[in-house]
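Please examine the sequence and the structure shown below before reading on. The explanation that follows is intended to be read with both in view.

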Number of protein chains: 2
Amino acid sequence: MQVAIALFPRNTALDAVGPYEVLQRVPSIDVVFVGHRRGEVRTENGMLGLICDASFDEVPRPDVLLVPGGIGTRTLIRDEPMLDWVREAHQHTLFTTSVCTGSLILGAAGLLDGLTATTHWAAADILGSMGALYTAQRVVEHLPQRIITAAGVSSGIDMALRLVELLVDRQAAEASQLMIEYDPEPPFDSGDLGKASEATRLLALEYFTQRH
Amino acid sequence: MQVAIALFPRNTALDAVGPYEVLQRVPSIDVVFVGHRRGEVRTENGMLGLICDASFDEVPRPDVLLVPGGIGTRTLIRDEPMLDWVREAHQHTLFTTSVCTGSLILGAAGLLDGLTATTHWAAADILGSMGALYTAQRVVEHLPQRIITAAGVSSGIDMALRLVELLVDRQAAEASQLMIEYDPEPPFDSGDLGKASEATRLLALEYFTQRH
């Protein structure tokens, strides 16, 4: 089983690497990182380079497509060659998935028309402008349409565990969860917009502006 | 403030990328990925290439050192040049930290002698053989010694949030948590050895053997 994770310039690394780590623990699942061309792409802050091992053209029919987010998505929503690849791949996938603002790309490709979907809280309006019905859930799945979207960054880990259950079975997903010791103990409770204070929200947005 | 994350062949990507994502959200913190030499290293399964932007020699005095894990650590515990670098860097760090089997390297460098420390559950015996007192906690911190170790893979995210609190303040850590939407909703509850079934533990070990 082949999972293609799309990389691009100015990606958010954890969006891609969280699900990768969950999925690759299961020996029947192979992950390939694909991009516009083979070679390095940088995260949004430039601090980390990740390697694409294949171009989009080289992986036309992955079993699963996963599109991570990052500020780079804002230009990709007008990148017709990439959107065409997403549309074509989706015709044959078992599941087409996104993490964070990766859902903007699924939306731009027309895959979310009239569907509920999620994204990073700071991008909810943009997603709504693309025909999707934004819903503030951590993971939104549409099994008949084979589309699953996850909220911001770390939510891809939760989504990928569910994906393993769908692709293999629950036992496989639980084994992966144990191998990555995903028994979270966040020291604070500000990971959701409904739980964080207004001061935290404003500081988060200020940080975002400073880093981009 | 400079955080050096050490990369090496056969690393576990999420060990490094989880903390990176938490830390880089805070504009006063810069992350640099360092390795034996500049350039690409591969994860333990070969599926992902990550770029080291500097060699160990080029980053002798990071403010924070973070050593992730991966099966590659089993050879690094006899890699005297790297262990020397870790020892030297530790003389000047604010905190020296590890995720998963990264603590084996801290142990091999002599930094954990007589201290409680943690690692991936499957490597507890090895850590114990290195002078550390293994303890099955998610994060173990020794502030006077400036050493913090985290358990397997995903625990680095929890550790990094605490690290931001120590390096900056709690408000910064909470802003980072909100930006990465770290409000976990694991669909299963098998992320800890005390919670997973024996069948899950055996399957996890079988997967590990098949992937390495």
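The paragraphs below discuss the relation of the chains, their interface, the core, a helix, the strands and some single residues.

The model is predicted. Chain B can be laid on chain A with an RMSD of 0.0 Å, by a turn of 180° and a shift of 0.0 Å along the axis. That is the relation of a two-fold axis. Among the residues of chain B, B:Leu50 comes closest to this rotation axis, with its C-alpha at 2.4 Å.

How many residues of chain B are in contact with chain A? There are 61 residues of chain B in contact with 61 residues of chain A. On the chain B side, the elements that give two or more residues are α1 (13-24), β2 (30-35), β4 (49-52), α6 (155-167), α7 (170-179) and α8 (198-211). Sorted by class, this side of chain B has 32 nonpolar, 14 polar and 15 charged residues. Because 100% of the interface residues of chain B are also interface residues in chain A, the copies meet through the same surface.

The next topic is the interior. The largest nonpolar core has 150 residues. Those with the most contacts inside this core are A:Ile5, A:Leu7 and A:Val164, together with B:Ile5, B:Leu7 and B:Val164. One of these residues can serve as an example: apart from residues up to four places away in sequence, A:Ile5 touches A:Ala16, A:Tyr20, A:Val31, A:Phe33, A:Leu66 and A:Pro68.

Helix α1 of chain B, already named as an element of the interface, deserves a separate description. α1(B) has 12 residues and reaches 16 Å from its first C-alpha to its last, close to the 16 Å expected at 1.5 Å a residue. Is this helix mostly covered or exposed? α1(B) is mostly covered, for 12 of its 12 residues are buried. The buried residues include the nonpolar B:Leu14 and B:Val17, and also the charged B:Asp15 and B:Glu21.

The strands come next. Chain B has an open sheet of seven strands in the order β5-β2-β1-β6-β7-β11-β10, with mixed pairing. β5 (54-55) and β10 (139-142) of chain B stand at the edges with a single partner strand each, so one side of each is left without a neighbour in the sheet. The edge strand β5(B) runs parallel to β2(B), and two bridges join them. Across this pair, B:Val34 stands opposite B:Ala54 in β5(B). In general, the strands of a sheet pair through backbone hydrogen bonds, either parallel or antiparallel.

An antiparallel pair can be examined in each chain. In chain A, strands β3 (residues 39-42) and β4 (residues 49-52) pair in the antiparallel sense over four bridges. A:Val41 has A:Leu50 in β4(A) as its bridge partner. β3(A) and β4(A) form a hairpin with six residues between them, and A:Gly46 in the turn has a positive phi of about 80°. In chain B, four bridges join β3 (residues 39-42) to β4(B), and these strands run antiparallel. There, B:Glu40 has B:Ile51 in β4(B) as its bridge partner. The hairpin of β3(B) and β4(B) has six residues between the strands, and B:Gly46 in its turn has a positive phi of about 80°.

Two residues in strands of chain A show which parts of the sequence meet in space. A:Thr97 is placed in strand β7 (residues 95-99) of chain A. Where 20 or more other C-beta atoms within 10 Å make a residue buried, A:Thr97 counts as buried because it has 28 such neighbours. Beyond its neighbours within four places in sequence, A:Thr97 is in contact with A:Val64, A:Leu65, A:Leu66, A:Ile148, A:Met159 and A:Leu163. A:Ile147 lies in strand β11 (residues 147-150) of chain A, and with 24 C-beta neighbours inside 10 Å A:Ile147 counts as buried. Its contacts, with the same neighbours left aside, are A:Thr96, A:Leu106, A:Leu111, A:Leu115 and A:His142.

Finally, the backbone angle phi draws attention to two loop residues. Most residues other than glycine have a negative phi. A:Cys100, in the loop between β7 and α4 (102-108) of chain A, has a positive phi near 60°. A:Val153, in the loop between β11 and α6 (155-167) of chain A, has a positive phi near 35°. With 32 C-beta neighbours inside 10 Å, A:Cys100 counts as buried; A:Val153, with 28, also counts as buried.

Terms used
Residues are numbered from 1 along each chain as its sequence is written. Chains are lettered from A and ligands numbered from 1 in the order in which they are written. This is a predicted model: local features need pLDDT of at least 70, side-chain atom pairs count only at pLDDT 80 or more; totals for chains, interfaces and linings use all residues. Two residues are in contact if their C-beta atoms, placed from the backbone, lie within 7 Å. A nonpolar core is a set of buried Ala, Val, Leu, Ile, Met, Phe, Trp, Tyr and Cys residues joined through C-beta atoms within 7 Å. The expected span of a helix is 1.5 Å times one less than its number of residues. Two strands pair if DSSP finds at least two bridges between them. Copies are superposed by least squares on the C-alpha atoms of residues with pLDDT of at least 70 in both.
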